[in-house]
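Trainee: I would like to go through this structure with you. Could we begin with the terms and then move to the details?

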Amino acid sequence: MVAIINTGHSIRAIFNYNEKKVALGIAECIGEGNYPMDIDKMTPTLKLKMLLRQLELNENVTRNSIHISLNFDPSEKELSKEKLIEIAAMYMDTIGFGDQPYLIYQHHDAGHPHIHIVSIKVKSDGQRIDIQNIGRNQSEKARKQIETLFNLVPAERHKSKTELDLIPIPIQKIQYGVVDSKKAISIVLKSVIPNYKYTTIGELNAVLNLYKVSALQGKEGSKMLLNKGLAYQIMDANKKPIGVPIKASSFHFKSTLSYLEKRFESNKKARVSDMKRVRNAIDLAFLQNGRMSLCKLEKELLEKGIAVVSRKSPEGLIYGITYIDHHTKCVFNGSALGVSYSAKAVQARCGITPLLNNKTASNFQETAITSKPNNYKSFISENELQKIIDQILQPEYSQEYVSNQLKGRRKKRKRKGTSDNL
């Protein structure tokens, strides 16, 4: 079992997220804790009011809601509702939320069985529940006890499998129209945004594009770009956007541009120590294979868990390269690793002329020939060359020299009020 704990500022948003799943028929509210009546006798409004009224006891708690998901191995699909409710109750009691009002939702929109638990951090006496290090301490204790008592697949088994996997992203490429767009994008974002180390939207998109998702900032001069907005959209096999873009603020987890910019800064420092691994992998590939095709290089690096994403112009020319290290979860633009790992340098090491293909080269030669002036000569004679040099060396202005003896004396000007007769 794997437990994931998230907190939020709005219990209403978390509640509506789960209730919307219920309305769509892909989830159901199967249980509650510390409510005055059974779950099947309560309306959605009554469920939410119970939580809101208790939050009013301490309005100083800004991050007041808690959203927990308990995820089970795909082989454990036979878990009954009664057992899931029992697991949820034991988990909440062990982490210190046993006396809190909470709701249990079973979701049916993933490849593995899982439940969501919605609760609040304000006690019935108005005190705030401290959850610092709850994931490392109380949650781990609860997880191990539940795995043993209910004979569940241990979380450690998943961890060891992930470490051996070269590309350990547990998500599927999105297919528009097959699943709910927002849900599909949400799965990708939750797997990529908090786990990978990227420093620009471009580097983030390099990973998201692998799963047919793209982050959009808006066109230049648009209101969206000026207001630092961000949206996410599904792409087709040709990387063309399809469907309607979904605002980052509409997701219940952090995915806005303001949040990403904070991650950009922290990721710059966090990924420095992992640069050497990617550089060494590239250098070793060339050392072992010598000059090779770019396709061969991509295969060599992919075997080490490093994906190479090339950015191409409409004419098919490669003008940028991004390296995605799935092992260390680091994303590097080629130039960030150094000059030797940029798109131009890597193509040169592969024996590719990066700027000119055959069509471009022929156009360049044709332009060069037709742009010559009519009086163009292929060579200059020595006499003509000497004349040019003399003209260059000749001063712009030359005044003839006249000695002081040959110069006439200047006539003195008579001052006013003076006479020649003294």
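Mentor: Helices and strands here are DSSP runs, at least four residues for a helix and at least two for a strand, numbered from the N terminus. Please keep in mind that the model is predicted.

Trainee: How many helices and strands are there in the protein chain?

Mentor: The protein chain has 15 helices and 11 strands. It consists of 422 residues, of which 38% count as buried.

Trainee: And what share of the accessible surface belongs to carbon and sulfur atoms?

Mentor: That share is 51%, out of an accessible surface of about 26,700 Å². As for contacts between residues at least 6 apart in sequence, 64% of them join residues at least 24 apart.

Trainee: Let us turn to the second largest pocket. What volume does it have?

Mentor: The second largest pocket holds about 410 Å³ of space. Its lining has 18 residues, and those closest to the centre are Gly202, Asn205, Asn209, Arg311 and Tyr319.

Trainee: Which element gives the largest share of that lining?

Mentor: Helix H7 does, with 5 residues. At least two lining residues each come from H7 (201-208), strand E6 (213-216), strand E9 (306-312) and strand E10 (318-325).

Trainee: How many of the lining residues are nonpolar, polar and charged?

Mentor: The lining of the second largest pocket has 9 polar, 5 nonpolar and 4 charged residues.

Trainee: Now the interior. Which residues have the most contacts inside the largest nonpolar core?

Mentor: They are Leu208, Tyr232 and Leu260, in a core of 29 residues. Helix H6 (181-192), H7, E6, strand E7 (231-235), helix H9 (257-270) and E9 each supply at least two residues of this core. The largest share, 5 residues, comes from H7. H7 therefore gives the largest share of the pocket lining and also of this core, with helices taken as DSSP runs.

Trainee: What does Leu208 touch?

Mentor: Leaving aside residues up to four places away in sequence, Leu208 touches Val188, Leu189, Val192, Val213, Ala215 and Tyr232. Another core, of 25 residues, lies apart from the largest one and includes Met92, Ile115, Ile131 and Ile146.

Trainee: Is Ser186 buried or exposed?

Mentor: Ser186 is buried, because its relative accessible area is 8% and the cut-off for buried is under 20%. Ser186 is found in helix H6. Beyond residues up to four places away in sequence, Ser186 touches Phe251 and Phe253.

Trainee: Where does Tyr91 lie?

Mentor: Tyr91 is in helix H3, residues 81-94. With a relative accessible area of 0%, Tyr91 is buried. Not counting residues up to four places away in sequence, Tyr91 touches Met1, Ala3, Ile5, Ile68, Leu70, Ser139, Ala142 and Ile146. From Tyr91 to Leu70 the C-alpha distance is 9.2 Å, with their positions 21 residues apart in sequence.

Trainee: Changing topic to the backbone: what is phi of Asn34?

Mentor: Phi of Asn34 is near 65°, a positive value in a residue other than glycine. Most residues other than glycine have a negative phi. Asn34 lies in the loop between strand E2 (27-33) and helix H2 (44-55), and Asn34 is partly exposed at 38% relative accessible area.

Trainee: And where is Asn151 found?

Mentor: Asn151 is in the loop between helix H4 (138-149) and helix H5 (155-164). Asn151 also has a positive phi, about 55°, although it is not a glycine. Asn151 counts as exposed because its relative accessibility is 68%, and exposed means over 50%.

Key: Residues are numbered from 1 along each chain as its sequence is written. This is a predicted model: local features need pLDDT of at least 70, side-chain atom pairs count only at pLDDT 80 or more; totals for chains, interfaces and linings use all residues. Side-chain values use heavy atoms; hydrogens and water are left out. On a 1 Å grid over the protein atoms alone, a cavity is a set of points where a 1.4 Å probe fits but cannot get out, and a pocket is an open set with protein on both sides within 12 Å along at least five of seven lines; lining residues have an atom within 4 Å of a point. Grid points are joined across faces, edges and corners, and a volume is the space filled by probe spheres set on the points. Ala, Val, Leu, Ile, Met, Phe, Trp, Tyr, Cys and Pro count as nonpolar, Asp, Glu, Lys and Arg as charged, and the others, Gly among them, as polar. Buried means under 20% relative accessible area, exposed over 50%, partly exposed in between (1.4 Å probe, protein chains only). Contact means heavy atoms within 4.5 Å. Accessible areas come from the Shrake-Rupley method with a 1.4 Å probe; for residues, only the protein chains shown count as cover. A nonpolar core is a set of buried Ala, Val, Leu, Ile, Met, Phe, Trp, Tyr and Cys residues joined through side-chain atoms within 4.5 Å.
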